[in-house]
Amino acid sequence: MNNIKEVAVIGLGYIGLPTAAILASRGITVRGVDVTPRTVEAVNKGEVPFVEPALGEFVSAAVSAGTLSASFETTEAEAYIVAVPTPFNDDYTADLSYIEAAADGIAPVLKGGELVILESTSPPGATQHLFDYLLNKRPDLSADNLLVAHCPERVLPGYVMEELVTNDRIVGGITPEAADKAKALYETFCQADILTTDAKTAEMAKLVENSYRDVNIAFANELSVISDKLGIDVWELISLANRHPRVDILQPGPGVGGHCIAVDPWFIVSAAPEESQLIRTARNTNDSKPNWVVNKVVAATKSAGFNGKVAVMGLAFKANIDDMRESPAIEITRQLAEANPTVEFLAVEPHVDALPKKLEGISNLTLTPTDEALESAGVVTLLVDHDQFKSVPATVLAGKEIIDTRGLWR
Ligand code: SAJ
């Protein structure tokens, strides 16, 4: 039974804000903490500073009810949930500086007996590091009086509010008591099974889930390159092979984006470099796919009668979201526009009203409405399978060179 009534959530991003809002919807008083003024201001107005279906209603209801508020400072609570980024360094080791910065905010307000939950995806040993780091900052607290657990998030962007409730969760405690206490807190909103283990196994489980997906997408991406060479439609090939009862191949695309699948496998590779051959190769296969797409588009612009304009459909890292983190579409667009200054690139992204920073200031690249781009371009490159693009009539695409990396228009 949960007896925690006040929670501080550090990091109000794609995971922290939904978690804060759903806890608040269960009557827990939640104080969100973030370093970004835009985020803190938006949340305090009951708004969400990014696109995530259904989250807006939760945030506005919780802010109106007074159960959710946001600030820059970490204040006293009974439990702290850390949901900050864990990017990788140049050598692919994890950068734990955001976790340490969160701990710097938590340490001074601890009184003893609190629960600290790390949700951020972390390399093996990071939860123990957080525990040691906090105790080091607060040598006056006894180790038995600090409960630290890892509870990795598993929700799929675009379905977060649903999956927070329906997905099973893994909770790994530094001690069994920490795991049990974290489990009770998550039971206030999670209706699925919550499985407890030790912290390192929980860390690794999360990394393994995303590596499993990365390896399987790499298989699909490799098949798409092979099929292209052999003159085979890879989507037909995969759908036929998937009619075998024990085959379930994923879909090829322009590469793997997002802050999770393109990142997490590296944490395993850096923890066991010699032993992680398959995981490393899959990462490299997926990372090389954007280059392959760039070459296909460049070849299309060399065809006779090309009118000088290329439409690039979609910039987000996947369908129906505005999240551009590690997006292969952005990488492809940037490389194309920079290397081909005489070609005009019309980027289409219905979820944003300005080009992202990485694409700012490129003179032959403009953010263009869907109809206008499709009408004027001679080459159309589909990079994201947004619902809005599904309904493009075949007549609009007729006579154009199409590079459809998602199999949406086949
Ligand atoms: N992709 C493909 N082909 C596919 C599936 C995905 O090319 O068949 C691409 C997508 O276009 C995208 C990338 O892979 O660029 C990642 O998309 P995704 O939908 O596979 O995953 P994410 O990054 O949105 O969310 C993943 C999920 N993990 C798993 O499915 C194992 C989610 O449950 C995790 O919570 C999330 O990572 C995370 O935060 O770790």
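Tutor: Helices here are DSSP runs of H or I with at least four residues, strands are DSSP runs of E with at least two, and both are numbered from the N terminus. The structure itself is a predicted model.

Student: Where is Asn-320, in those terms?

Tutor: Asn-320 sits in the loop between β9 (309-313) and α12. Glu-326 is also placed in the loop between β9 and α12.

Student: Why is Asn-320 called partly exposed?

Tutor: Its relative accessibility is 29%. Buried requires under 20% and exposed requires over 50%, so a value in between is partly exposed. Glu-326, at 39% relative accessibility, counts as partly exposed too.

Student: What is the phi of Asn-320?

Tutor: Asn-320 has a positive phi of about 65°, although this residue is not a glycine. Glu-326, which is not a glycine either, has a positive phi of about 50°. Most residues other than glycine have a negative phi.

Student: What makes His-259 buried?

Tutor: The relative accessibility of His-259 is 17%. The limit for buried is under 20%, so His-259 meets it. His-259 is in the loop between α9 (234-241) and α10 (264-271). Leaving out residues up to four places away in sequence, His-259 touches Pro-85, Thr-86, Pro-87, Asp-264, Arg-325 and Glu-326.

Student: How do you know whether Ser-211 is buried or exposed?

Tutor: The relative accessible area of Ser-211 is 4%, which is under the 20% limit, so Ser-211 is buried. Ser-211 belongs to helix α8 (residues 199-230). Apart from neighbours within four places in sequence, Ser-211 is in contact with Pro-265, Ile-268 and Ile-279. The C-alpha atoms of Ser-211 and Ala-282 are 8.7 Å apart, although 71 residues separate the two along the chain.

Student: Is Ile-10 buried or exposed, and why?

Tutor: Ile-10 has 7% relative accessibility; this is under 20%, so Ile-10 is buried. Ile-10 is part of strand β1 (residues 6-10). Among the residues that Ile-10 touches are Val-33, Tyr-80, Val-82, Ala-102 and Ile-106. From C-alpha to C-alpha, Ile-10 and Arg-31 are 8.6 Å apart in space, with their positions 21 residues apart in sequence.

Student: How do helices α1 and α3 pack?

Tutor: Helix α1 (residues 16-25) and helix α3 (residues 55-65) pack at an angle of about 55°, and their axes are 9 Å apart.

Student: Why is α1 called oblique to α3?

Tutor: Roughly parallel needs an angle under 35 degrees, roughly perpendicular needs 65 to 115, and roughly antiparallel needs over 145. About 55° fits none of these, so α1 is oblique to α3. The crossing of α1 past α3 is left-handed.

Student: Which residues of α1 and α3 meet?

Tutor: Leu-17, Pro-18, Ala-21, Ile-22, Ala-24 and Ser-25 in α1 meet Leu-55, Phe-58, Val-59 and Ala-62 in α3. By class, this contact has nine nonpolar, one polar and no charged residues. Ser is in neither the nonpolar nor the charged list, so Ser-25 is the polar one.

Student: What makes α11 and α12 oblique?

Tutor: Helix α11 (residues 277-301) and helix α12 (residues 328-339) pack at an angle of about 45°, with axes 9 Å apart. That angle falls between the 35 and 65 degree limits, so α11 and α12 are oblique to each other. α11 passes α12 in a right-handed crossing. Among the residues in the contact are Val-294 and Val-298 of α11, with Ile-332 and Leu-336 of α12. The contact divides into eight nonpolar, two polar and no charged residues.

Student: How many charged residues are in the contact of α4 with α5?

Tutor: Helix α4 (residues 97-106) and helix α5 (residues 126-137) pack at an angle of about 40°, with their axes 10 Å apart. This contact includes Glu-100 and Asp-104 of α4 and Lys-137 of α5. By class it has six nonpolar, one polar and three charged residues.

Student: Which residues touch the most other members of the largest nonpolar core?

Tutor: Val-7, Leu-68 and Leu-185 do, in a core of 44 residues. The largest share of this core, six residues, comes from α1. Leu-68 touches residues including Ala-20, Ala-21, Val-43, Val-59 and Val-63. A second, separate core has 34 residues, among them Val-84, Ala-107, Leu-134 and Val-269.

Notes: Residues are numbered from 1 along each chain as its sequence is written. This is a predicted model: local features need pLDDT of at least 70, side-chain atom pairs count only at pLDDT 80 or more; totals for chains, interfaces and linings use all residues. Side-chain values use heavy atoms; hydrogens and water are left out. Axes are lines fitted to C-alpha atoms, for helices over the stretch in contact, and angles run from 0 to 180 degrees between N-to-C directions. A crossing is left-handed if the near helix is turned anticlockwise from the far one by less than a right angle, and right-handed if clockwise. Contact means heavy atoms within 4.5 Å. A nonpolar core is a set of buried Ala, Val, Leu, Ile, Met, Phe, Trp, Tyr and Cys residues joined through side-chain atoms within 4.5 Å. Buried means under 20% relative accessible area, exposed over 50%, partly exposed in between (1.4 Å probe, protein chains only).
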